[in-house]
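Open your viewer, keep the selection box handy, and let's take a walk through this structure one stop at a time.

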Amino acid sequence: MSTTAVHSLWTTAAEPLDKIPAPHIEYAQLAPTLIVVGAAILGVLVEAFVPRKSRHYTQVFLAVVALTAAFAAVVGLAVGGYGTTKAHIAAMGAIAVDGPALFLQGTILLASLVAVFTFAERRLDPAAHGKRVDSFAAQAASVPGSDSEKAAVKAGFTTTEVFPLALFAVAGMLVFPAANDLLTLFIALEVFSLPLYLLCALARRKRLMSQEAAVKYFLLGAFSSAFLLFGIALLYGYAGSVSYARIADVVDGTVQTIDPALAGTMGNDALLLIGGALILTGMLFKVGAVPFHMWTPDVYQGAPTPITGFMAAATKVAAFGALLRLLYVVLPGLRWDWRPVMWAIAIVTMLGGAIVAITQTDIKRLLAYSSIAHAGFILAGVIAVTPDGVSSVLFYLLAYSFVTIGAFAVVTLVRDAGGEATHLSKWAGLGRRSPLVAAVFAVFLLAFAGIPLTSGFSGKFAVFRAAAEGGAGALVVVGVISSAIAAFFYIRVIVLMFFSEPKPEGPTVAVPSPLTTTTIAVGVAVTLVLGVAPQYFLDLAGQASVFVR
Amino acid sequence: MDNAENLIALLVAAPLLGAAVLLVGGRRLDRTGHWIGTALAAVSFVVAVVLFADMLGRPGDDRTLYQHLFSWIPVGGFQADIAFQLDQLSMTFVLLITGVGSLIHLYSVGYMEHDERRRRFFGYLNLFLAAMLLLVLADNYLLLYVGWEGVGLASYLLIGFWQHKPSAATAAKKAFLVNRVGDMGLSIAIMLMFTTFGTFAFGPVLGATGETSEGTLTALGLLLLLAACGKSAQVPLQSWLGDAMEGPTPVSALIHAATMVTAGVYLITRSGAIFNAAPDAQLAVVTVGAVTLLFGAIVGCAKDDIKKALAGSTMSQIGYMILAAGLGPIGYAFAIMHLVTHGFFKAGLFLGAGSVMHGMNDEVDMRKYGGLRKYMPITFVTFGLGYLAIIGFPGLSGFFSKDKIIEAAFAKGGTEGWILGGAALLGAAITAFYMTRVMLMTFFGEKRWQPDDKGELPHPHESPRTMTIPMIVLAFGSVFAGGLFSWHESFVKWLEPVTSFEHGHSPLSAATVTTATVAVMVLGVALAYLQYGRRPVPVTPPRGSLLTRAARRDLLQDDFNHVVLVRGGEHLTRSLVYVDHSLVDGVVNGTAASFGGLSGRLRKLQNGYARTYAVTMFGGTAVLIAATLLMRAV
């Protein structure tokens, strides 16, 4: 081989390196995510460098400021027209900046903000060794019941890492519904899932249960991620690309071949159908749809209650956002294949959640099953495949997340010697002793049940109307029947609180700091405003209902 | 002023905010709550005055303002608007409600001084005002209904405010239940309206009466009348009013003068277009009005409880208004004019009665009063002016408004006119009689004071300034309002663009009617003087004639209700309960049990093992894939 040939090989091999363009990143449009990620990283540094005494306040401050700033950035983008006319795909096709993404990001940020208030609450647990403590383990690494745990409690340690962890999770959730290719989707999923697994294990009381929940969540989450990843591989095989737009083009038949290496598999519908179904599995796991729901009750019950509220609200918003984008952008050409299947899933989810909830005796498990039933209701809106379907789902998620966080915040207040008194029998007669707390909880339950003048009604009405107009009348009938079944167990709790005799050794209602009070008050306010005057927000969701492609 | 319509919502919002703050605020507001409530009622009044001044600045047919806040989930043709309409009719009510309402708030500061639940009381008072303002400001029947029910709720809370007394709790329940009957009428009327006109808004509904069959309009009119009977305590739904005296006296003043009972008159006047086109419904309205005005007057004659005597008088005076409203365009303006003047003097009388009770250890039996004029001079004078106004003493408010109604009744024409006019005249005579009786038994004659439960004789004294100032202000209204309204027919001209107005053609000249009215008034006063002024009043009531005994029992209204409605209802419910137990419960419980069983079985799937969950997921995915592929294959 001559030297020129060697040289030529060398240069040809080197040439493509020069051709890789510098990625074009629209920092301003990614600001919400970047702010949260930055704050999370800063939070890690705070753990390393700020003295233990002032860490709590620093972290709370950092988290609140970051979430507020990120929300302001979302509002700024929306006002700047990125939700409607200027919607486009940023970061080299990885992230969509459009109406649904901004609406969901705004919802996630607001929900996380009020949830962070409950994380920071330190007045509910009786003071340990003269130190105020929050709901999280003194030292997560210490074995429950061990000496090192006792020492950590005695020293008044708290796991302030929850704030950066939560911020990382929020960052993942912000990307998840905006992800515009399958790899970004997968990375976002892992970014928000891994911190959640950890957060679930951090309960101060009932630590074994909490750790069990975390392990289960992790195992099943990993299992579902594997399905998702396999689905991504199959879709890549089908379309030769992970980009949503390219896959959609191949599905529609507008693009024939992309990569000669994949010529054997490209356009093979079996790959598309199986890959699509596997990706759906991953999404449905996160939203908690039957039959991928079984982790929900155990994890909701075991996780520290503030985390449960955060997770139940924000994860659901993010996961439904991603599901919407997947079904409306990537697979609309396949709707005749996936709609019947989703119909069946929506029906079993609504009925399953509602029916199993009837016999629950733990308030957190009850709310978990309720969240499953609600996932079914939202799926009914997803199935509509109309702009109304999108806007109704967006509205429902907004309404639902505040009710959920509020309800779980109330759960943190009702306590006895063993921590939170979550067994329903202990809630008997709560209305006699703490009328205000019971009344607030009743408002949330009525909203869950979908009684008019609460946000639950407006939301349910919107999704059912969208479903009916989208040709899913039968689904609406099932939805209404499930709502009737669900109303039973919500009202049963209200009856229990107000019309049963209080037990002599019943739990006490802790007096929260303004933090939790704010969370609950915001929850009630949003619930009532969205119930009494929902039109503005419905219009807002309507404007935000077009996906960029 | 530009954009004055943006202020309308503030009228409702201020007292509503007060109610929210006071009821949610808790004990930390105990010391300031009453002033917050009073201030917010006053804010509403000030806004009302501003809007009134603004309204006067515009020509008569351009005075209506609209404010649309938002629509509640429009679905097809179903449009539930939260929107307000402020025209001359609403303005009149708003001024009365907020003005008299604010005075009653102020009075309550003194009256409820020693009540430990005073903050809550003011919260309810504010809620009452807000609901009533919503009722008169709504621009559609659906929103009006919201206010209507709000009034019902607030009255329930206030009548039963002293819930530790079983009688108060019962009275509140009674008021609520009787009102429900009327509410049913209104709700059915609204449904009928929607099916007939396809909308709830006043404009389209009342503008479309020309194209609607008379049968529908008559049905609507009768249903609206039923509603009005409930809220305005007209026969046959009058029975709650007397018992409602169990509430604190300011509540009685509020219910009787500014809110609640006037709602029925408002509803009929507002729906005038429907009644104008349905003569049969109008006949029903005037009949109800005439019967009630006599009914209330007769009951008023026999009561020894000062508040119940006044309650009878309210019933009777509202009867006059309903009668006038039923006369059509010749009567609407006078109905509202009497409503306003009545608002002044009846509020004054009730506050006076409260002041007397305040000084007499909460004694309400007039047979145990007597000679109080020396001890409570301000109360005596203001109550006396209210008294002169209500009996229609020439020159005072009640004279002008009542005289006009009697005239209009005669002007109805034919036999009807004579009967209605005669009833109204007779009512005027009886009014003079029983009000003179109240006056004489309370302020004149011997002291007949009795020791109270603790054995203490009362020490009557004048009430504190917060109580006397409202009474004085109201007395001014009682004296001058009527004259002011009649000056060049100013009130009629003011309302004409909304209610329309025609001069009635009475078979008797106006002078004859006026003379007759004054004559029967003098007759009534003279009879009362002969019976109660010249002779000593026995402390224990005499047995009395059959009519007196019946009147003491409210003309047997409760006995009638008990025999016909309660017993009948019991039989009906018993049979329904039987059907419910055997048939409905069987189905319902069966369904519930099967779901419960299903739930129990499904729950077992949730066994706590992660491996089971994973297998379920795996199975689910397999089914999902299989189903997707199958869908393609089919």
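One definition before setting off: helices are DSSP runs of H or I with at least four residues, and they are numbered from the N terminus. Keep in mind, too, that this is a predicted model.

**Stop 1: loops with a positive phi**

Select A:Leu453 to begin. A:Leu453 sits in the loop that links α17 (435-449) to α18 (455-469) of chain A. Look at its backbone: phi is near 75°, a positive value in a residue other than glycine. Most residues other than glycine have a negative phi. Is A:Leu453 buried or exposed, or something in between? With a relative accessible area of 48%, A:Leu453 is partly exposed.

Now jump to chain B and pick B:Met260. B:Met260 belongs to the loop between α10 (249-258) and α11 of chain B. Phi is positive here as well, near 55° for B:Met260. As for its surroundings, B:Met260 counts as buried because its relative accessibility is 0%, and the cut-off for buried is under 20%.

**Stop 2: cis peptide bonds**

Next, show the backbone from A:Val290 to A:Pro291. The peptide bond between them is cis, with omega near 5°. You will find A:Pro291 in the loop between α10 (269-287) and α11 (295-302) of chain A.

Chain B has a cis bond to visit too: select B:Val235 and B:Pro236, where omega is about 10°. B:Pro236 lies in the loop that runs between α8 and α9 (240-243) of chain B. For context, most peptide bonds are trans.

**Stop 3: α7 and α12 of chain A**

Select residues 182-200 of chain A for α7 and residues 305-330 for α12. The two axes come within 12 Å and cross at roughly 170°. That angle is over 145°, the cut-off for roughly antiparallel, so α7(A) is roughly antiparallel to α12(A). To see the contact, show side chains on α7(A), including A:Leu182, A:Phe192 and A:Leu199, and on α12(A), including A:Phe310, A:Thr315 and A:Leu326. Colour the contact residues by class and you should get 11 nonpolar, 1 polar and no charged.

**Stop 4: the nonpolar cores**

Which residues touch the most other members of the largest nonpolar core? In this core of 202 residues, they are A:Phe176, A:Leu182 and A:Phe441. Centre on A:Phe176 and, leaving out residues up to four places away in sequence, look for its contacts, among them A:Leu185, A:Phe192, A:Met283 and A:Ala322. A second, separate core has 191 residues, including B:Leu133, B:Ile268, B:Tyr332 and B:Met366. In soluble globular proteins, nonpolar side chains tend to be buried together.

**Stop 5: two helix pairs in chain B**

Start with α4 (residues 118-137) and α11 (residues 261-270) of chain B, whose axes come within 10 Å and cross at roughly 10°. The cut-off for roughly parallel is under 35°, and α4(B) and α11(B) are therefore roughly parallel to each other. Where do they meet? B:Met132, B:Leu135 and B:Val136 of α4(B) face B:Thr262, B:Ala263 and B:Tyr266 of α11(B) in contact. This contact has 5 nonpolar, 1 polar and no charged residues.

Move on to α5 (residues 141-159) and α8 (residues 214-232) of chain B: their axes come within 12 Å and cross at roughly 30°. They, too, are roughly parallel to each other, and α5(B) passes α8(B) in a left-handed crossing. B:Trp148, B:Val151 and B:Gly152 of α5(B) make the contact with B:Ala227, B:Ala228 and B:Lys231 of α8(B). By class, that contact divides into 4 nonpolar, 1 polar and 1 charged.

**Stop 6: two single residues**

Select B:Thr92, in helix α3 (residues 88-111) of chain B. B:Thr92 is buried, with a relative accessible area of 8%. Beyond its neighbours within four places in sequence, B:Thr92 is in contact with B:Ile336, B:Val340, B:Phe491, B:Trp494 and B:Leu495.

For the last selection, go to A:Val526 in helix α20 (residues 514-532) of chain A. Draw a distance from A:Val526 to A:Ala399: the C-alpha atoms are separated by 7.4 Å, though the residues are 127 apart along the chain. Setting aside residues up to four places away in sequence, A:Val526 touches A:Phe402 and A:Ser455.

Conventions:
Residues numbered from 1 in each chain as written. Chains lettered and ligands numbered in written order. Predicted model: local features only at pLDDT ≥ 70, side-chain atom pairs only at ≥ 80, totals over all residues. Heavy atoms only, no water. Axes fitted to C-alpha atoms, helices over the stretch in contact; angles between N-to-C directions. Parallel < 35°, antiparallel > 145°, perpendicular 65-115°, else oblique. Contact = heavy atoms within 4.5 Å. Nonpolar A, V, L, I, M, F, W, Y, C, P; charged D, E, K, R; others polar. Core = buried A, V, L, I, M, F, W, Y, C linked by side-chain atoms within 4.5 Å. Buried < 20%, exposed > 50% of the residue type's maximum accessible area, 1.4 Å probe, protein only. Left-handed = near helix turned anticlockwise from the far one by under 90°.
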